[in-house]
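The following exercises are meant for a reader who is meeting this structure for the first time. Each task is followed by a solution worked out in steps.

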Amino acid sequence: MHPPMRKRTKILLTLLPISALVLLVTLSSLTNIVAKHPKNRETPHIHIQKKLQIAHPACEGTLYPQLCVSTLSTFPDLQSKSLPQILAATVNHTVTEVRSSESNCTGIRKKTAHLSPLDKRALDDCLELLDNTVSELKTVLRDLHTNKSANKHYNDLQTLMSGAMTNQATCLDGFAYSNSNIRSFIEGRLEKISHHVSNTLAMLKKIQGPKKTSPESEVFPEYGKMKGGYPSWLSKKDRQLLQSSVGEIDYDLVVAKDGSGNFTTIGAAVEAAPNSSTTRFVIYIKGGAYYEYVEVISRKTMLMFVGDGIGKTLIKGNRSVVDGWTTFRSSTVVYAQCGESIDLGFANLGLKMTMQVDLVGGYYDAGDNMKFGFPMAFTTTMLSWSVIEFGGLMKDELQNARDAVRWATDYLLKATSQPDTIFVQVGDANKDHACWERPEDMDTPRSVFKIDTNSPGSDVAAETSAALAAASLVFKTTDPIYAKLLLSRAREVFEFADKYRGAYSNWLRDEVCPFYCSYTGYQDELLWGAAWLHKATKNPTYLNYIQVNGQTLGADESDNTFSWDDKHVGARILLSKAFLLQKVQALQDYKGHADDYICSLIPGIPSSQAQFTPGGLLFKSSDSNMQYVTSTSFLILTYAKYLDSAHMVVNCGGVVVTPDMLRTTAKKQVDYLLGDNPLKMSYMVGYGPQYPLRIHHRGSSLPSIASHPDKIECSFGFSILNSQSPNPNILMGAVVGGPDQQDQFPDQRSDYDHSEPATYTNAPLVGALAYLAHTFGQL
């Protein structure tokens with residue numbers, strides 16, 4: 001993915017044969033057993049069934065329901081336990097798993113000879129993080145005695161378990177640049193711990209948290225009931241501290257670089273602070289930049305840092321995983337226990353941001369090694385829409401399509417797992433583009449960037465909501481529990497997108513621009529997200545939202561481009577279906593808006609504004625034009641389907657456009673893409689006798705690990721990028737950017753405008769190809 005507007009591993013299941021041992025008993029012996037214990041034959045079965053009947057509802061909504069049910073089924077007297085007791089039993093079970101993992105890591109640390117310094121540091125981090133997990137889970141157990149106790153400490157429980165869940169991922173991140181196989185020995189147990197905690201968090205939601213006041217009186221509703229602008233569970237003394245100006249606070253210790261305080265370094269002040277304090281201990285850090293790493297160990301409780309203001313008091317560091325530091329040790333400030341900091345700034349100059357969150361999975365956007373959340377969410381929405389409209393024609397390919405959707409939505413669930421926060425990017429795009437290397441060799445920073453209530457991104461948030469809502473329809477019948485989870489999260493994310501409005505590139509300009517700036521604003525995504533929630537939920541709330549906000553969100557704007565950045569046209573087509581087929585009169589205008597789009601597109605009509613190459617290809621942009629070809633073809637075929645079902649046509653100033661005319665127009669575009677063009681070139685890699693051989697894609701252009709096991713360094717790959725040799729690995733099915741306005745295609749690897757594939761180019765094509773292949777008897 002390259003400027004200005006750029007646009008991307010599966011589990012191998014091994015079946016192990018199981019031998020069965022059959023124990024034969026005589027009929028007379030069996031009769032004697034039954035005579036002495038007449039209920040023995042059915043009691044165990046009934047007991048297990050009762051446990052399962054209790055476990056399944058309790059586990060509903062968890063990300064790992066099979067693990068949840070199997071765990072709960074081992075608990076004695078499950079039927080007599082309250083929900084807090086079930087949660088406590090699950091936490092106790094998890095603590096046992098953590099202790100087992102600690103023993104495993106300790107054994108590896110002691111027995112494995114010749115450990116590299118990085119592996120030693122990573123194992124030491126793991127042991128400390130696992131100990132933190134135990135400490136957090138034991139605190140959770142203290143507050144899980146009764147419903148009343150769990151309700152009172154609901155927010156604390158969420159915070160503690162969220163921390164416990166991410167510790168394991170942070171541990172594994174320490175081995176990201178290790179050449180050993182230690183990670184493979186420990187990750188199974190660690191992932192299981194995270195899955196247990198994740199399930200416990202999901203079950204915790206069934207306990208009603210503290211009652212919230214009206215939204216108008218809540219500044220931060222995720223913290224529960226507010227009092228004076230602060231969470232009600234905050235002590236009066238702490239509230240007074242937070243409300244006080246710097247000059248009004250009584251400090252216990254002062255840190256000053258100029259020597260005017262008790263200490264010149266923060267670390268020394270922390271060391272001098274009392275252990276196991278039961279009252280707040282305040283350290284005032286005078287203005288200045290402190291180049292140090294501060295670790296507040298678990299016995300340093302009730303510690304508060306106060307500075308002279310963000311931008312005035314700044315704690316800086318420059319540790320990076322690229323330089324051999326683990327993720328845990330590259331953090332500038334680490335609290336092992338809960339702590340508070342006010343009027344302070346934190347900076348890590350080695351990484352843009354250090355986030356301890358599991359973001360494994362998802363798709364790279366195009367030919368680089370970047371996870372851009374904005375286009376990834378759009379890819380997910382369009383792949384889901386392809387399945388929704390044309391999945392019935394996919395036959396044996398339908399499950400593959402569902403799997404592809406799920407790979408994306410599993411990632412999006414992780415990216416949205418924290419309330420009012422979305423992790424929208426993994427990787428530093430500028431540093432990634434300064435290297436040409438395989439994903440397996442990648443050593444550029446995996447920086448993480450997010451949006452939240454202070455730095456909102458309604459565009460990427462609403463698109464993520466649309467993706468989750470659309471995907472919920474994909475799994476509605478095949479996996480209803482997963483579908484319900486997706487839809488619930490979609491609603492939460494949309495509420496965040498609408499409540500905290502703003503374009504994400506306003507806050508993350510240096511990180512996402514010029515790659516995926518929100519060029520068209522966020523209004524189109526809000527309309528698009530509401531449209532998908534209306535379709536997925538049938539809840540009148542979203543219909544009302546569309547009626548009230550549609551015009552201000554650009555429902556009747558005359559734009560006629562549909563892409564990862566502009567969703568207006570897609571929303572119009574989607575909403576028109578509700579009028580055409582469900583007769584929702586409130587959406588009648590969207591049929592007119594959809595018709596206007598069609599009239600601007602069809603060649604030979606006076607109102608047409610579309611441009612075409614001499615060979616007949618729709619031409620929107622010199623930069624990855626084929627993305628517009630595939631998205632437009634999908635919309636045309638989908639609208640033709642809606643019109644057919646409603647027995648309607650489009651009237652373009654007296655010219656009647658029928659569904660058949662739309663299908664013919666779409667077919668010409670797809671035929672051109674597949675090789676019916678002046679160059680006889682298929683722009684789908686691997687399809688037809690002639691297709692692009694030098695696509696702009698790192699993994700495709702560089703030799704595979706199998707043929708070249710040694711690492712290919714960052715800069716060495718550019719010699720291959722600029723060579724004329726064909727790519728050694730054929731990226732089957734990838735659609736590249738396509739020809740220029742004169743139907744010419746140079747097939748140069750460095751020409752990313754025309755030679756780079758992208759996931760959001762392929763996603764809408766899946767639906768279009770399913771329809772066309774079925775129509776012509778190829779599927």
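**Exercise 1. A histidine in a helix**

His196 counts as buried, with a relative accessibility of 2%. The model is a predicted one. Determine where His196 is placed and which residues are in contact with it, leaving aside its neighbours within four places in sequence.

*Solution.* Begin with the secondary structure: His196 belongs to helix α8, which covers residues 182-204. Next, apply the cut-off: buried means under 20% relative accessible area, so His196, at 2%, is assigned to the buried class. Finally, list the contacts: beyond four places in sequence, His196 is in contact with Leu67, Thr71, Thr90, His93, Thr94 and Glu97.

**Exercise 2. The annotated active site**

State which residues UniProt lists for "active site", and how far apart they are in sequence and in space.

*Solution.* The unreviewed UniProt entry lists His696, Asp747 and Glu756 under this heading. Along the sequence they are spread over 61 residues, yet they cluster in space, with a largest C-alpha distance of 10.1 Å.

The next step is to look at His696. This residue sits in the loop between α23 (659-673) and α24 (698-701). Its relative accessible area is 2%, and therefore His696 is buried. A polar atom of the His696 side chain lies 2.7 Å from the backbone oxygen of Arg749.

**Exercise 3. Asp747 in its surroundings**

Describe the location, the accessibility, the contacts and the backbone of Asp747.

*Solution.* Location comes first: Asp747 is in the loop between α25 (717-721) and α26 (752-755). Its relative accessibility is 8%, so Asp747 counts as buried. Not counting residues up to four places away in sequence, Asp747 touches Pro692, Leu693, Arg694 and Ser755. For Leu693 a distance can be added: the side chain of Asp747 reaches the backbone nitrogen of Leu693 at 3.1 Å. As for the backbone, phi of Asp747 is positive, about 55 degrees, although Asp747 is not a glycine.

**Exercise 4. Further backbone features**

Find which residues are joined by a cis peptide bond, and state the phi value of Asp420.

*Solution.* The cis peptide bond joins Cys513 and Pro514, with omega at about 5 degrees. Pro514 is placed in the loop between α17 (509-512) and α18 (523-537). Turning to Asp420, its phi is near 55 degrees, a positive value in a residue other than glycine. Asp420 is found in the loop between α13 (398-415) and β13 (421-426).

**Exercise 5. The second largest pocket**

What is the volume of the second largest pocket, and which element gives the most to its lining?

*Solution.* The volume of the second largest pocket is about 320 Å³. Its lining has 17 residues, of which Ile388, Leu473, Lys535, Lys538 and Lys577 are the closest to the centre. Two or more lining residues come from each of α12 (373-390), α13, α15 (458-474), α18 and α20 (568-580). The element that gives the most is α20, with 4 residues. Sorted by class, the lining of this pocket has 9 nonpolar, 3 polar and 5 charged residues.

How values were computed:
Residues are numbered from 1 along each chain as its sequence is written. This is a predicted model: local features need pLDDT of at least 70, side-chain atom pairs count only at pLDDT 80 or more; totals for chains, interfaces and linings use all residues. Side-chain values use heavy atoms; hydrogens and water are left out. UniProt positions are given in the numbering used here, feature names are shortened, and annotations may be inferred rather than shown by experiment. Buried means under 20% relative accessible area, exposed over 50%, partly exposed in between (1.4 Å probe, protein chains only). A polar contact is a pair of N or O atoms within 3.5 Å; within protein, one must be able to donate a hydrogen and the other to accept it, and residues adjacent in sequence count only if both atoms are side-chain atoms. Contact means heavy atoms within 4.5 Å. On a 1 Å grid over the protein atoms alone, a cavity is a set of points where a 1.4 Å probe fits but cannot get out, and a pocket is an open set with protein on both sides within 12 Å along at least five of seven lines; lining residues have an atom within 4 Å of a point. Grid points are joined across faces, edges and corners, and a volume is the space filled by probe spheres set on the points. Ala, Val, Leu, Ile, Met, Phe, Trp, Tyr, Cys and Pro count as nonpolar, Asp, Glu, Lys and Arg as charged, and the others, Gly among them, as polar.
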